[in-house]
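Biologist: Got a minute? I'd like to walk through this one with you.
Modeller: Sure, let me put it up.

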Amino acid sequence: MKYKLNFELVPDGCWNSNLRNILSKKAWDFLKADAKKRAGGKCAICGKQTKLLDAHEVWEYDDKKGVQKLTDIIAVCKDCHSVIHIGFTGLKGDIEHAENHFMAVNKCSYVEMRKAMGEANLEHQRLNKVSEWSLDISYLNKYIK
């Protein structure tokens, strides 16, 4: 089942393959500001009104071609971001809060949340079979005039 808020486990070969690491600080700050402006002060996922929004890079993974493709940059609240990056959240030791937020946003049970996490883990394992990923950031062409 596809939820409003999902766990996004980044394939191991794509860790650190993100805009913050490849763009200048000035360029990344511009993209963050644009995402926040488009969000109008609300989390793009749960709708929470907050000034503390993170910019989240939305990626698609084509394991047949080995391509990691940027499809969007959205503004999300800290709670939604902790769910999206549940693996990193686990390293920080705040899984329970993230799990509760997932269930609240998606109006689902603990069993449904655990099933979604299991499916995300299976997808992660499948994507980890790709030995090398290439990066497609053609999404950013819309910012080039």
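Biologist: What area does the protein expose, and how much of it do carbon and sulfur atoms supply?
Modeller: The protein exposes about 9000 Å², and carbon and sulfur atoms supply 54% of that. Accessible areas come from the Shrake-Rupley method with a 1.4 Å probe; for residues, only the protein chains shown count as cover.

Biologist: Anything I should know before we go on?
Modeller: This is a predicted model: local features need pLDDT of at least 70, side-chain atom pairs count only at pLDDT 80 or more, and totals for chains, interfaces and linings use all residues. Residues are numbered from 1 along each chain as its sequence is written, and side-chain values use heavy atoms, with hydrogens and water left out.

Biologist: How many helices and strands are there?
Modeller: The protein has 6 helices and 3 strands. Along the sequence the pattern reads α-α-β-β-α-α-α-α-β. Helices (H or I, at least four residues) and strands (E, at least two) are DSSP runs, numbered from the N terminus.

Biologist: What does the radius of gyration say about the protein?
Modeller: It is 16 Å, which agrees with the value near 15 Å for a compact globule of 145 residues. The radius is taken over C-alpha atoms, and the globule rule is 2.2 Å times the number of residues to the power 0.38. The C-alpha atoms fill a box of roughly 45 × 40 × 25 Å along the principal axes.

Biologist: What share of the residues counts as buried?
Modeller: 39% of the 145 residues. Buried means under 20% relative accessible area, exposed over 50%, and partly exposed in between (1.4 Å probe, protein chains only).

Biologist: Let's pick one. Is Tyr 139 buried or exposed?
Modeller: Tyr 139 counts as buried because its relative accessibility is 13%. Its place is in the segment after β3.

Biologist: Which residues does Tyr 139 touch?
Modeller: Leaving out residues up to four places away in sequence, Tyr 139 touches Arg 38, Leu 70, Thr 71, Asp 72 and Ile 73. Contact means heavy atoms within 4.5 Å. Tyr 139 and Ile 73 are 66 residues apart in sequence, yet 9.3 Å apart in space, C-alpha to C-alpha.

Biologist: And the loops? Where is Lys 107?
Modeller: Lys 107 is in the loop between α5 (95-106) and α6. It is exposed, with a relative accessible area of 74%. Its phi is near 50°, a positive value in a residue other than glycine. Most residues other than glycine have a negative phi.

Biologist: Is Lys 129 buried or exposed?
Modeller: Lys 129 counts as exposed, at 72% relative accessibility. It is in the loop between α6 (110-127) and β3 (134-136).

Biologist: New topic. What volume does the largest pocket have?
Modeller: About 1400 Å³. On a 1 Å grid over the protein atoms alone, a pocket is an open set of points with protein on both sides within 12 Å along at least five of seven lines; lining residues have an atom within 4 Å of a point. Grid points are joined across faces, edges and corners, and a volume is the space filled by probe spheres set on the points.

Biologist: Which residues lie nearest its centre?
Modeller: Of the 44 lining residues, Glu 8, Leu 9, Val 10, His 56 and His 85 lie nearest the centre of the largest pocket. The largest share of the lining, 7 residues, comes from β1.

Note on methods. 1 Å grid on protein atoms, 1.4 Å probe; cavity = no way out; pocket = protein on both sides within 12 Å on 5 of 7 lines; lining within 4 Å.
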